[in-house]
Amino acid sequence: MIDRQTIQEIAQCVADIIQRNCTAKKSDVLAVLTELVEVMQDQLQAGHRVKIDGFGSFKIGIASTPADSAAKWTVAQNVRGLRLNFQPEVHVSADKKRIK
């Protein structure tokens, strides 16, 4: 698991770079990044996929063990863990080839 302080340090670095590259102030960028994280957490926890145009999609994956039947399957007994899956956005040309 990534340390929360590390995430804050990364956000500071990203905000510095964005502030240098456009007219947005660092404090505004940090506010947007903070809200983005909160919205993504809410949406992912609700079972939704989060798509960021031009970047990719995030979704929660579940690792579980099988049960003898659907009726016998429970979260406590069968879920081994959760993971965050990221799929980068891919563009495909007219001839169905990936564009990098």
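## Confidence of the model

In this predicted model, confidence within the protein chain is lowest in strand 5, residues 98-99, where the mean is 82, and highest in strand 1, where the mean reaches 97. Over the protein chain the average pLDDT is 91, and 94% of the residues score at least 70.

## The three-stranded sheet

Three strands form an open sheet in the order 1-2-3, and their pairing is antiparallel. Strand 1 (50-52) and strand 3 (79-88) occupy the edges, and each of them has a single partner strand, so one side of each is left without a neighbour in the sheet. Direction ignored, neighbouring strands of this sheet are turned against each other by 25° on average.

The antiparallel pairing of strand 1 with strand 2, which spans residues 56-64, rests on three bridges, whereas strand 2 and strand 3 are paired, again in the antiparallel sense, over nine bridges. Individual positions can be placed within this register: V50 stands opposite F58 of strand 2, K51 has S57 in strand 2 as its bridge partner, and G61 is bridged to R83 in strand 3.

## The hairpin of strands 1 and 2

Strand 1 and strand 2 form a hairpin with three residues between the strands, and in this hairpin G54 adopts a positive phi near 85°. The loop between strand 1 and strand 2 also holds F55, whereas F86 lies in strand 3.

## An aromatic cluster

The structure contains three aromatic pairs. In one of them, the rings of F55 and F58 have centres 6.2 Å apart and planes at 35°; because this angle falls between the limits of 30 degrees for stacked and 60 for edge-to-face rings, the pair counts as tilted. The rings of F55 and F86 likewise make a tilted pair, since their centres are 5.0 Å apart and their planes stand at 40°. With F55 in the loop between strand 1 and strand 2 and F86 in strand 3, this second pair ties together parts that are 31 residues apart in sequence. Through ring pairs, F55, F58 and F86 are linked into a cluster.

The members of this cluster can also be described by their accessibility. F58, the residue opposite V50, has a relative accessibility of 13% and therefore counts as buried, the cut-off being under 20%. F55 has a relative accessible area of 46% and is partly exposed, and F86, at 37% relative accessibility, is also classed as partly exposed.

## The surroundings of S57

S57 belongs to strand 2 and, at 11% relative accessibility, counts as buried. Leaving aside residues up to four places away in sequence, S57 touches R49, V50, K51, N85, F86 and Q87. Among these contacts are K51, which is the bridge partner of S57, and F86, whose ring is paired with that of F55. Since strand 1 covers residues 50-52 and strand 3 covers residues 79-88, the contacts of S57 include V50 and K51 from strand 1, together with N85, F86 and Q87 from strand 3.

Methods. Residues numbered from 1 in each chain as written. Predicted model: local features only at pLDDT ≥ 70, side-chain atom pairs only at ≥ 80, totals over all residues. Heavy atoms only, no water. Pairing = 2+ DSSP bridges. Helix = DSSP H or I, 4+ residues; strand = E, 2+ residues; numbered from the N terminus. Axes fitted to C-alpha atoms, helices over the stretch in contact; angles between N-to-C directions. Phe/Tyr/Trp six-rings, centres within 6.5 Å; stacked < 30°, edge-to-face > 60°. Buried < 20%, exposed > 50% of the residue type's maximum accessible area, 1.4 Å probe, protein only. pLDDT = per-residue confidence, 0-100. Contact = heavy atoms within 4.5 Å.
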